[in-house]
Amino acid sequence: MTDSTPDFRPPSQGLDAVAREASLPTGKREAADARALEMGLPGAESITDPNIGTFSRGPLPLYAGIPTMLKLPYVEDVRQAHQHDVSFMGVPFDIGTTFRPGTRFGPQGMRRASVQYTSFYSFEMGVDLFESLNMCDLGDVFTIGNIEKSFDQISRAVGHAYTQGTFPVIMGGDHSIGYPCVRGLAPHIRKPDGSPGKLGIIHIDRHLDTLEKDMDERMHTCPWFHATNIPNAPSTNLVQMGIGGWQTSREWVKGARDKGTYVLTMDDIETMGIEKAAEVALDIAWKDADAVYLSFDIDSVEAGHVPGTGWPQPGGFQPREVLKLLRLIASRGLAAMECVEVAPCYDIADVTSIMAVHATMEVLGSLVDHGHLPDKRAPILDADLNAWKGT
Ligand SMILES: [Mn+2]
């Protein structure tokens, strides 16, 4: 308020957010804009806005440019990942699908949709990711037409990004990659004293994905059976949220039962409420654990909101429910995250890709808001990228 009259209006998150924005820094954005203008040459004399160059080099116009994730720098030399707090990486992979393929284009879909998120700013959280973090796009893992060999590539890539001291954001890819992602990460989880640590997993999905094999291979119905065979990623620290409906086959249930994973249906979560469900999930995933991995399957969201996926199913989360859940899950910190099962070829108006990017932004925003990013973890530049072998 600009005068001294008492404000008769009730306090609100909206008013807080409006006030909070003024305290956010602007320096990195100003420096980036100045650099963009210099590289792109000053604009034509007829243009009065001095921030418009001849060539687009910054986020604007949103429809211009080459869409890396969030138009972030493309780090061609992945050995330089340690200079960044967050590393996005694509895993273009869909030979683990059991119905509709197409998730090999998931990373492209997310990158294309991400241009609408290049303000990097969450109004409600009062977080500006551009000012808070150095982020980059490492490009894509070189996946091939062989599931197990691609898994080996993925484990090395995730292990590399994590040991570089960055927060890996993995853009799938079908859900089979959950296993090699956890496998690549797990050997590098440490307790505060540097000794080997334990990893919990929070898995948000409509499907259990706990089969040992499907059609004789480790398909996208199988990641959590195998991930929880890794000694320091035990099934007792796996929480599966949003599970249910008519697409989980009975064989999958045996895997969850035998392993003793903790399962919450949509009804459970609705009855408990999002806050309580998140609290319960965090307590179980973090029990005696040193880090938690987040696996977010886009098909956990109500089918009508995410047509661009292989197994859409009615009855899942409403978008604002899952966005809140993700913020709460991230509030205690994460080691890495994946967003999987985006298949742009079935999408309508990019809504599924937008949902995937938005969900990822909520996680990053919450990690910053709660002081977990930037992470102070020191990079290990000579890490053993085959440390997962034998696990
Ligand atoms: Mn699923």
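Two residues are in contact here if their C-beta atoms, placed from the backbone, lie within 7 Å. Keep that in mind for the residue we start with, in what is a predicted model.

**One histidine to start from**

H160 sits in helix α5. Leaving aside residues up to four places away in sequence, H160 touches V78 and L385. Is H160 buried or exposed? It has 24 C-beta neighbours inside 10 Å, and a residue needs 20 or more to be buried, so H160 counts as buried. Another histidine to look for is H188: the two are 28 residues apart in sequence, and their C-alpha atoms are 9.8 Å apart in space.

**The helix around it and its neighbour**

Helix α5 covers residues 147-163, and helix α6 covers residues 178-185. The two pack with their axes 7 Å apart, at an angle of about 45 degrees. That angle is why α5 is called oblique to α6. As for handedness, α5 and α6 make a right-handed crossing.

Who does the touching? On the α5 side, the residues include F151, I154, V158 and Y162. On the α6 side you'll find, among them, Y179, P180, C181 and L185. Sorted by class, the contact between α5 and α6 has 9 nonpolar, 3 polar and 2 charged residues.

**The sheet**

Now over to the strands. How many strands form the open sheet? There are 8, and they pair in parallel, running in the order β4-β1-β5-β10-β9-β6-β7-β8. Find β4 (135-140) and β8 (262-265) at the edges: each has a single partner strand, so one side of each is left without a neighbour in the sheet. Going from one strand to the next, the twist averages 15 degrees.

For a look at one pairing, try β9 (residues 291-297) and β10 (residues 336-340), which are joined in the parallel sense over 5 bridges. Within that pair, L294 stands opposite M337 of β10.

**Helices on the sheet**

Two helices that pack on the sheet are set out here, each with the strands it touches and its angle to one of them.

| Helix | Residues | Strands touched | Angle between directions |
|---|---|---|---|
| α3 | 106-114 | β1 (86-91), β4 and β5 (167-172) | about 110 degrees with β5 |
| α12 | 351-369 | β1, β5, β9 and β10 | about 165 degrees with β10 |

Strands β1 and β5 turn up in both rows: α3 touches them, and α12 touches them too. The edge strand β4 is on the list for α3, while the paired strands β9 and β10 are on the list for α12.

Terms used: Residues numbered from 1 in each chain as written. Predicted model: local features only at pLDDT ≥ 70, side-chain atom pairs only at ≥ 80, totals over all residues. Pairing = 2+ DSSP bridges. Helix = DSSP H or I, 4+ residues; strand = E, 2+ residues; numbered from the N terminus. Axes fitted to C-alpha atoms, helices over the stretch in contact; angles between N-to-C directions. Parallel < 35°, antiparallel > 145°, perpendicular 65-115°, else oblique. Left-handed = near helix turned anticlockwise from the far one by under 90°. Nonpolar A, V, L, I, M, F, W, Y, C, P; charged D, E, K, R; others polar. Buried ≥ 20, exposed ≤ 12 C-beta atoms within 10 Å, placed from the backbone.
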